[in-house]
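Visitor: Could you walk me through this structure, one short question at a time?

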Amino acid sequence: MAKRPKQLQETLPRFTNVVRHLWPYIRQHKGKLALSFLALFAEVAFRLLEPWPLAIVLDYVIADSGGQIIPWLQGLSPMALLNVAAISLVVIVGLRALSAYLSTIGFALVGNRVLTEVRGRLYDHLQKLSLSYHGKARSGDLTVRVVGDIGKLQEITVTAVMPFVGNIFILLAMLAVMFFFNWQLALLALVTLPLFWLLSVRLSRNITAVSRDQRKREGAMASTASESIGAIKVVQALSLEDVFSQNFSGENAKSLKEGVRAKRLAARLERSADLLIAVSTALVLWLGARLVISGSLTAGELVVFITYLKNAFKPVRDFAKYTGRLARATAAGERVIDVLEEEPEIRDLPEARPASPFRGRVRFEEVAFGYEPGSRALDGIDFEVEPGGRVALVGPSGNGKSTIANLLLRLYDPQEGQVMVDGRDVREYTLESLRSQVSVVLQDSFLFAASVRENIVFGAGREVSDGEVEAAARLANAHGFIQAMPQGYDTVLSERGSSLSGGQRQRIAIARAAIREAPILVLDEPTTGLDEENEQQVNDALEKLSEGRTTFVITHDLRFAARSDEVLYIENGRVAERGPHADLLRVGGRYAALYQLQAATGRLDPREGGHGALTR
Ligand code: ADP
């Protein structure tokens, strides 16, 4: 189990560490923060004043103790004094309420602003993190960090951190005044403190542990939920609903148990604290009353003392509540910082420059790459494509074809060799300028839950006119069916475009790629899984799209390969055979065998030889 803070002594340094990380964001609100603290100090001061009117009434109105009264109240009649006391009580409480209000609002404002900024930053940062990070992280858990953990931090700064800080000031101020007044009495009041300490250390340790577990559990639950809901089709098709539900309800039940346990522990600490406060109060009352009788303390002063005692001990009583919350805030904060500190593996090098418009010459030079250390997905990949040329990557699944495309897009960096565009290593270009000049059509294109038009425009990365959108859709053979939709281009697609057929989704994706006007095109099995009718439409659209663009096509459909300048047959991460389609057929190796197989099953016309067309 991960190391977790056992108690406040451990939580506090970790909490300050969280604050230190967030300090650059907090610092921007220094002015507001200072004002809020000022209001907080004012509140503490008014709290100190609060019991005094009662003391004055007790000592000088009800029983004239004959003692020295504050100079500027001297000479007032008892009744006038009563009036002054009554009015000042209202004024003091009013001012205290006002300062408390101002400090609460001030802190809440700063807290919320800071955390909203952090959340924005976290979201941006997550999008920049490399695919290898996202490959390992669970997306649901990341969602919880962006939404839940920041939310928790926001809530807790307002409900725990600020009151905690305020209460510490109150505690210190009241203790100081108590000692100033009568140190014997103050010491007596503190007799129970060691007991308090023992009790809260023991209980808050458990509370902290439970709180952290609870937070982790919530991340796990969100992951399970987002995974199963994201893949609901698979879950239902494989009848996995019960498995996921059981899993989820197991976690859910544990979370409930932990929640109740944390509450029970906190309640136990609070009630025990109440008892200890009563013991302290009784002790002070016992000795204090004797002091009053013997004349060394006035009744009013005893009242003030006991009020301070109650106020000073309140934060100690709420200690458990705060340690629990503070622990939760720390856990949430650390989860956020973990992500923020994760450096994107793939990012612009300091010397990276924006690429000028590519001509489209692509070269892989002795490239080797593995997703995991020690394993090789690609090895010794070396080839070059002329601007506007077309390479087909064929071969069995899982042998590294998509990995080649990933390296071209710089989704990963090769461990050896280099990937070059127009004679320069792709790492010399800024990521943005590199990727914006490559269009991608994948096997299962992702459409967003937005209108058809927006889905196409997303590709452009710039302002585009309706005319351009339509032209792209026409090129993609999509204009016809889009117009037939209820709201045409403004039809809002359901999430992932599930309301469209596979072929229609592909054609919208092709329009999205087309509007980009990128000189390099990557097609990763774009027609796999389509029926004949759709396949033909998509093929035809792709043919138009690849016109004049350097095109990489990963495909099992050898009609595509037949139309390429070069075919690379990839096996075990290496180029096993290479050359134009016709040459490879002549050589009679693996590629030729695959081609014969497809021809025999009726997918190809074997007479096409090297002149097969994408379209039939
Ligand atoms: P192809 O495109 O030929 O089907 P890929 O390039 O997708 O093959 O995969 C090549 C190898 O790399 C496979 O063994 C695959 O399991 C592995 N691989 C692909 N993507 C990842 C990833 N994100 N993390 C770890 N291994 C991966």
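Visitor: Which helices each supply at least two residues of the positive patch?

Guide: Happy to help! This is a predicted model, where local features need pLDDT of at least 70, side-chain atom pairs count only at pLDDT 80 or more, and totals for chains, interfaces and linings use all residues. Residues are numbered from 1 along each chain as its sequence is written, and side-chain values use heavy atoms, leaving out hydrogens and water. Helices are DSSP runs (H or I, at least four residues), numbered from the N terminus, and the two you want are H8 (193–230) and H10 (241–293).

Visitor: Which helix gives the most to the positive patch?

Guide: The patch is formed by Arg202, Arg205, Arg261, Arg264 and Arg268. Its members must have over 30% relative accessible area and no salt bridge (a side-chain nitrogen of Lys or Arg within 4 Å of a carboxyl oxygen of Asp or Glu), with like charges joined within 9 Å. With 3 residues, the top contributor is H10.

Visitor: Is Arg261 buried, partly exposed or exposed?

Guide: Arg261 sits in helix H10. Buried means under 20% relative accessible area and exposed means over 50%, with partly exposed in between (1.4 Å probe, protein chains only). Because its relative accessible area is 38%, Arg261 is partly exposed.

Visitor: How many Å apart are Ala108 and Val158, C-alpha to C-alpha?

Guide: Ala108 belongs to helix H4 (residues 78–128) and counts as buried, at 16% relative accessibility. In sequence, Ala108 and Val158 are 50 residues apart, while in space their C-alpha atoms are separated by 5.5 Å.

How values were computed. Patches are made of residues with over 30% relative accessible area and no salt bridge: like charges are joined within 9 Å, nonpolar side chains (Val, Leu, Ile, Met, Phe, Trp, Tyr) within 5 Å. Accessible areas come from the Shrake-Rupley method with a 1.4 Å probe; for residues, only the protein chains shown count as cover. Lys and Arg count as positive and Asp and Glu as negative; His and the chain ends are not counted. The place of a charge is taken as NZ of Lys, CZ of Arg, CG of Asp or CD of Glu.
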